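This report introduces a structure to a reader who has not met it before. Please keep the sequence and the model in view while reading.

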Amino acid sequence: MARKASRKDRCLTPLQVVTLSGTTELHGKDIRELGSRLSGELLLAGDPGYDDARTIWNRMLKNRYDPDNVFRLNQNIRPSAL
């Protein structure tokens, strides 16, 4: 039975980020440092609460940029009317 990767193990996986000057990858120590500089919590895929936070974020974007539900066929984001 495969064990679930620990947060430390997930920090070893490069994290692709978008900056004002382009894209880059953050690695272990840099990911932990980023998390320590945030006022909130850095959630990585697999962390408790990650899926809930992602759902809230997607819903917020959907409500802001598609209030009339023009992109209702997008299977990744539920319609804002739900």
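The sections below treat confidence, fold, surface, strand pairing and salt bridges in turn.

**Basis and confidence**

This is a predicted model, in which local features need pLDDT of at least 70 and side-chain atom pairs count only at pLDDT 80 or more, while totals for chains, interfaces and linings use all residues. Residues are numbered from 1 along each chain as its sequence is written, and side-chain values use heavy atoms, with hydrogens and water left out.

The pLDDT, the predictor's confidence in each residue on a scale from 0 to 100, has a mean of 77 over the chain. A value of 70 or more is reached by 68% of the residues. Confidence is lowest in helix H1 (residues 7-11), with a mean of 60, and highest in S2, with 89.

**Fold and surface**

Three helices and two strands make up the secondary structure of the chain; helices (H or I, at least four residues) and strands (E, at least two) are DSSP runs numbered from the N terminus. Their order along the sequence is α-β-β-α-α.

The chain has 82 residues, of which 15% count as buried. Buried means under 20% relative accessible area, exposed means over 50%, and partly exposed lies in between (1.4 Å probe, protein chains only). The accessible surface, from the Shrake-Rupley method with a 1.4 Å probe, amounts to about 7,100 Å² for the chain, and carbon and sulfur atoms hold 56% of that area.

Contact here means heavy atoms within 4.5 Å. Among contacts in the chain with a separation of 6 or more, 17% are between residues 24 or more positions apart.

**The strand pair**

Strands S1 (residues 15-19) and S2 (residues 22-26) run antiparallel and are joined by five bridges; two strands pair if DSSP finds at least two bridges between them. One bridge partnership links leucine 15 with leucine 26 in S2. The connection from S1 to S2 is a hairpin through two residues.

**Salt bridges and helix H3**

There are two salt bridges in the structure, the term meaning a side-chain nitrogen of Lys or Arg within 4 Å of a carboxyl oxygen of Asp or Glu.

| Salt bridge | Closest N to O |
|---|---|
| glutamate 33 and arginine 37 | 2.9 Å |
| arginine 54 and aspartate 51 | 3.6 Å |

Glutamate 33 and arginine 37 are separated by about one helical turn because they lie four residues apart in helix H2 (residues 28-37). Glutamate 33 is partly exposed, at 32% relative accessibility, whereas arginine 37 is exposed, at 66%.

Arginine 54 and aspartate 51 are three residues apart in helix H3, so about one helical turn separates them. Arginine 54 counts as partly exposed, with 44% relative accessibility.

Alanine 53 also has its place in helix H3 (residues 50-65). With a relative accessibility of 33%, alanine 53 counts as partly exposed. Its C-alpha atom is 8.4 Å from that of leucine 43, ten residues away along the chain.
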